[in-house]
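Visitor: Could you take me through one part of this protein up close? I'd like to hear how a single strand sits among its neighbours, and then what lies around it.

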Amino acid sequence: MKKIYQTEPIEIEQKIYDVLDELSIDYGVVEHEPLYTAEDLNKIKEQAPGFHAKNLFLRNAKGNKYYLIVAGDEKAVNLKEVKKIIGSTNLSFASEDRLMKVLKLVPGSVNPFSLINDEDRIVELYIEKGLFTGELLNFHPNVNYKTVTISLEGLKKYLNHIGVTLNEIEL
């Protein structure tokens with residue numbers, strides 16, 4: 001796949017590329033203006049083919065469990081339904097402080113690649129089954145001004161390597 005860089009990768013994204021390269025996973029990279037919301041993804045869909053996702057970094061009511069919910073960018077996600085599906089207490093979005101503490105990221109950059117930063121392995125990953133069709137997947141590499149295109153098998157290999165269990169859910 002194609003790799004288009006206008007700026008040199010910074011450390012938090014380079015460690016993702018290093019793992020992908022170490023595992024011989026084929027991927028592409030496109031640089032673009034910063035994207036902050038799922039709606040912003042429409043700006044790059046022609047450059048980055050395949051599925052685009054919204055990534056929700058959530059916490060339970062006590063704030064002692066964290067979840068990354070990945071769904072299609074146009075999918076409506078009802079947190080009350082997700083709570084039942086994953087067997088949690090009430091869910092809410094984790095604060096910027098919690099995001100920085102757990103994943104060492106700023107809002108707009110969270111995605112499955114980010115779990116490399118979860119040193120204590122406290123975040124549970126749930127990906128909507130609708131993204132498992134064989135099409136390519138697109139995620140930010142810990143920065144919201146680049147997008148990595150990768151196969152599902154490549155993503156699974158990456159997650160397995162960093163010790164993260166991928167849980168499929170029906171949303």
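**A strand and its surroundings**

Guide: Sure, let's take strand β2, with a bit of background to start. Buried residues make up 47% of the 171 residues in the protein chain. Keep in mind that this is a predicted model. The chain has four helices and eight strands, and from the N terminus they come in the order α-β-β-β-α-β-α-β-β-β-α-β. If you take the contacts between residues at least 6 apart in sequence, 68% of them join residues at least 24 apart. On the outside, the chain exposes about 8,700 Å², and carbon and sulfur atoms supply 48% of that.

Now to β2 itself, which covers residues 51-59. Its pairing with strand β3 (residues 66-72) is antiparallel and runs over seven bridges. If you want a spot to zoom in on, try N55, whose bridge partner in β3 is V70. The two strands make a hairpin with six residues between them. While you're in that turn, look at G63, which has a positive phi of about 80 degrees.

β2 has other pairings to look at. With strand β4 (residues 92-93) it pairs in the antiparallel sense over two bridges, and there L58 has F93 as its bridge partner. With strand β6 (residues 137-139) the sense is parallel, again over two bridges. For that one, go to F51 and find L137 as its bridge partner in β6.

Next, the helix side of things. Helix α3 spans residues 96-103, and its buried residues are L99, V102 and L103. They cover an arc of only 80 degrees around the axis, so they sit on the same side of α3. The spacing fits a familiar rule: an α-helix has 3.6 residues a turn, so residues three or four places apart point the same way. What covers those buried residues of α3 includes our strand β2, along with β3 and β5 (123-128). Flip to the other side of α3 and you find D97 and K101 exposed. Just past the end of α3, K104 takes a positive phi of about 55 degrees.

Then there are the rings. A search of the whole structure turns up five aromatic pairs. One of them is Y17 with Y27, a stacked pair at 5.9 Å centre to centre with 5 degrees between the planes. Y17 belongs to helix α1 and Y27 to strand β1 (residues 27-31), so this pair ties together parts that are 10 residues apart in sequence. Both rings belong to buried residues: Y17 has 1% relative accessibility and Y27 has 2%.

F57 and Y66 bring us back to the hairpin. Their ring centres are 5.6 Å apart and their planes are at 5 degrees, so this pair is stacked too. F57 counts as buried at 6% relative accessibility, and Y66 is buried as well, with a relative accessible area of 7%. By residue number, F57 falls within β2 (residues 51-59), while Y66 falls within β3 (residues 66-72). Elsewhere, F113, F139 and Y158 form one aromatic cluster, and F139 falls within β6 (residues 137-139), the parallel partner of β2.

While we're on Y17, stay a moment with helix α1, residues 11-22, where you'll find E13. Is E13 buried or exposed? With a relative accessible area of 0%, E13 is buried. The E13 side chain makes a polar contact with the side chain of Y17, at 2.7 Å. So the Y17 residue that stacks on Y27 is also the polar partner of E13.

One last stop, in strand β1, where V29 is found. V29 counts as buried at 0% relative accessibility. Put V29 and K146 on screen together: they are 117 residues apart along the chain, yet their C-alpha atoms are separated by 6.7 Å.

To pull the view of β2 together: it pairs antiparallel with β3 and with β4, and parallel with β6. It also belongs to what covers the buried residues of α3.

Note on methods:
Residues numbered from 1 in each chain as written. Predicted model: local features only at pLDDT ≥ 70, side-chain atom pairs only at ≥ 80, totals over all residues. Heavy atoms only, no water. Buried < 20%, exposed > 50% of the residue type's maximum accessible area, 1.4 Å probe, protein only. Contact = heavy atoms within 4.5 Å. Areas by Shrake-Rupley, 256 points an atom, 1.4 Å probe, with all protein chains shown as cover. Polar contact = N/O pair within 3.5 Å; in protein donor to acceptor, adjacent residues only side chain to side chain. Pairing = 2+ DSSP bridges. Phe/Tyr/Trp six-rings, centres within 6.5 Å; stacked < 30°, edge-to-face > 60°. Arc of directions from axis to C-beta.
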